[in-house]
Amino acid sequence: MSARANPLIVGAGPAGIRAAQALVAAGLRPTVVDEAPRCGGQIYRQPLVDDGRDAQSRYGSEAAKAERLHRDFAALQDRIDYRPQALLWNLRDGIADIMHDGAHQRVAYDGLILSTGATDRVLPLPGWTLPGVFTLGAAQIALKAQACTIGTNVVFAGSGPLLYLVAWQYLRAGVQVAAVLDAAPLSAKINLWRGLPLAPAVVLRGLKMAAELKLSGTALHFGVAGLRIEGEARVERIAFRSGGRAHSVACDGVGYGLNLRSETQLADLAGCAFRFDPRDRAHLPVNEASGRSSVAGVYLAGDGARIAGADAAEAAGERAALAVLEDRGLPYDVARAAALKRMLQRIDRLRDVLEAAFPYPAHWADEIADSTLLCRCEEISAGEARQAIKDFSLSELNRLKAVSRIGMGRCQGRVCGGAAAELLAGETGRDIASVGRLRAQAPIKPIPFALTSSDQTNEEQHDEAH
Amino acid sequence: MPLFHRIARIQKAAIPFTLDGVACEGKAGDSVLTAILCHAERLRQSEFSGAPRAGFCQMGACQDCWVQCEDGERLRACSTPLTEGMRIITARRT
């Protein structure tokens, strides 16, 4: 039996943890690379030091899940090659380039599970670069991982379940929630009743949060549009339209997000085929129910593959690990694979409901003013992008990038890419699916110019068992 | 007034650092972003317009929170733990 390299898991959130656990259970020793210092991903993110708060106050209704994941991952420590605070910045031919503590490492792998997670999806707003404006995810991270609030009188705006969850968490933390501005009309929430039989606890908890916000005197506005964040050196107000009227609310912090977007750069570097996903309104790596991508030996799990939430990520991570086992010719639990598939299908139906109840306001893209910054990194306005589209008769996103530098800044289009695609589609009268997607480039995040050379290349460090 | 407000971890050990030359104290467990924004309203000024910025995603994706140290080193504030003696500059060098 020839020696095979260990499987590599990228990301130690719910998907990565369950994938590692399933591989270890089968006798493999996966390498787990994660950017964070401690496991949990963003959803179950842990503080840098114990801050005296318990899991209940940090993770609320999800405390038991968070504790289980943290505990289960800790139990794997001797049986995995765990590399926290490490950025996997390039992939090719079974070798991963990793930056850890300013040093470069090369790791050989055989079987790659990408559980890279997601970040907040946004569309540009006037004033969105002002200090005090953060994504909803950021507002939540400040609270749960750093025990800080982003203001004392905060507005939460956008769409998605996270909008109400974070607003409610801030309320519970004693912060004045100045308003919750929901992009969706109130009528969209009727869809939640369809979610009741699928996940009664989730739906009822959401309704309870909204009710508690309302009872606390928090203003809830629905069908908002025309958001404008105002202030000199920091956020001072947010203006918006709702119910045919113009409003303005004073605040010293804004949490903003329009659901989530998948982190797909590594799937791109791994050579995975992509296709447009109408529900996420994004190009996503092609993914079978088993987690297999279009590339043999590359597997996808969790929100990095398609937005489905933390429970789905746990199931998908385990399922992808079972696919790794099957593809290595190792025994795996076929009944468990089928059960995970059913679980994922049920969550997927719930996801359809949530998307209908918390829809993405694509129509906001039509009214992005020319003067609004589209690219935060290099301060390129929507007007400059529109001009480039006209001047060069552009119809493809990477051409727009080449001409306007949209997507070429430090974030590589993570923040502006979706909005740029909307703008390009709108300007050219094309469908969003047909304007392309920004190609990923290595390094997928900034790395220092002076990385010290490889401390060890573990290409010879193989798994003896298989 | 600073952007951030602490709700816990207040009794943790102090970590001294400087912000634009002024002595400040963070707390054990702070990211560089948290330590700065508990004192200040910005992390940096845009290289393009000079407009103030204070980060955006806090999860290492948006790259909006890179700050400079006096020795020229650059740090992504949201994903870097605060360590004693950091000398951070938030003003754009002209």
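**View 1. Three strands of chain A line up as an open sheet in the order β14-β15-β16**. This is a predicted model, and here we look at one small part of it. Neighbours in this sheet pair in the antiparallel sense. Which strands sit at the edges? They are β14 (225-230) and β16 (245-250) of chain A, and each of them has a pairing partner on one side only. Going from one strand to the next, the twist averages 15°.

**View 2. Now zoom in on β15 and β16 of chain A, an antiparallel pair**. Strand β15 covers residues 237-242 of chain A, and six bridges link it with β16(A). To find your way around, pick out Ser242(A): what stands opposite this residue in β16(A)? Look across and you'll land on Arg245(A).

**View 3. Here is where chain A meets chain B, with 38 residues of chain A in contact with 34 residues of chain B**. On the chain A side, the elements that give two or more residues are β8 (118-120), β9 (133-135), α4 (136-146) and β10 (148-149). Which of them gives the largest share? That's α4(A), with five residues. As for the kinds of residue on this side of chain A, you'll find 17 nonpolar ones, eleven polar ones and ten charged ones.

**View 4. A closer look at the two chains shows strand β10(A) joined to strand β1 of chain B**. The chain B partner is a short run, residues 5-6, and the two strands run antiparallel. How many bridges join them? Two. Take Cys148(A) as your landmark: its bridge partner in β1(B) is Arg6(B). Strand β10(A) is also one of the elements that give two or more residues to the side of chain A touching chain B.

**View 5. Stepping back, chain A as a whole holds 13 helices and 23 strands**. Its C-alpha trace spans about 70 × 50 × 40 Å along the principal axes. Why call chain A compact? A compact globule of 466 residues would have a radius of gyration near 23 Å, and chain A has 22 Å, so the two agree. Inside, 52% of the 466 residues count as buried. Chain A also brings together residues from far along the sequence: among its contacts with a separation of 6 or more, 69% are between residues 24 or more positions apart.

Terms used: Residues are numbered from 1 along each chain as its sequence is written. Chains are lettered from A and ligands numbered from 1 in the order in which they are written. This is a predicted model: local features need pLDDT of at least 70, side-chain atom pairs count only at pLDDT 80 or more; totals for chains, interfaces and linings use all residues. Helices (H or I, at least four residues) and strands (E, at least two) are DSSP runs, numbered from the N terminus. The radius of gyration is taken over C-alpha atoms; the globule rule is 2.2 Å times the number of residues to the power 0.38. A residue is buried if 20 or more other C-beta atoms lie within 10 Å of its own, exposed if 12 or fewer, and partly exposed in between; C-beta atoms are placed from the backbone. Two residues are in contact if their C-beta atoms, placed from the backbone, lie within 7 Å. Two strands pair if DSSP finds at least two bridges between them. Axes are lines fitted to C-alpha atoms, for helices over the stretch in contact, and angles run from 0 to 180 degrees between N-to-C directions. Ala, Val, Leu, Ile, Met, Phe, Trp, Tyr, Cys and Pro count as nonpolar, Asp, Glu, Lys and Arg as charged, and the others, Gly among them, as polar.
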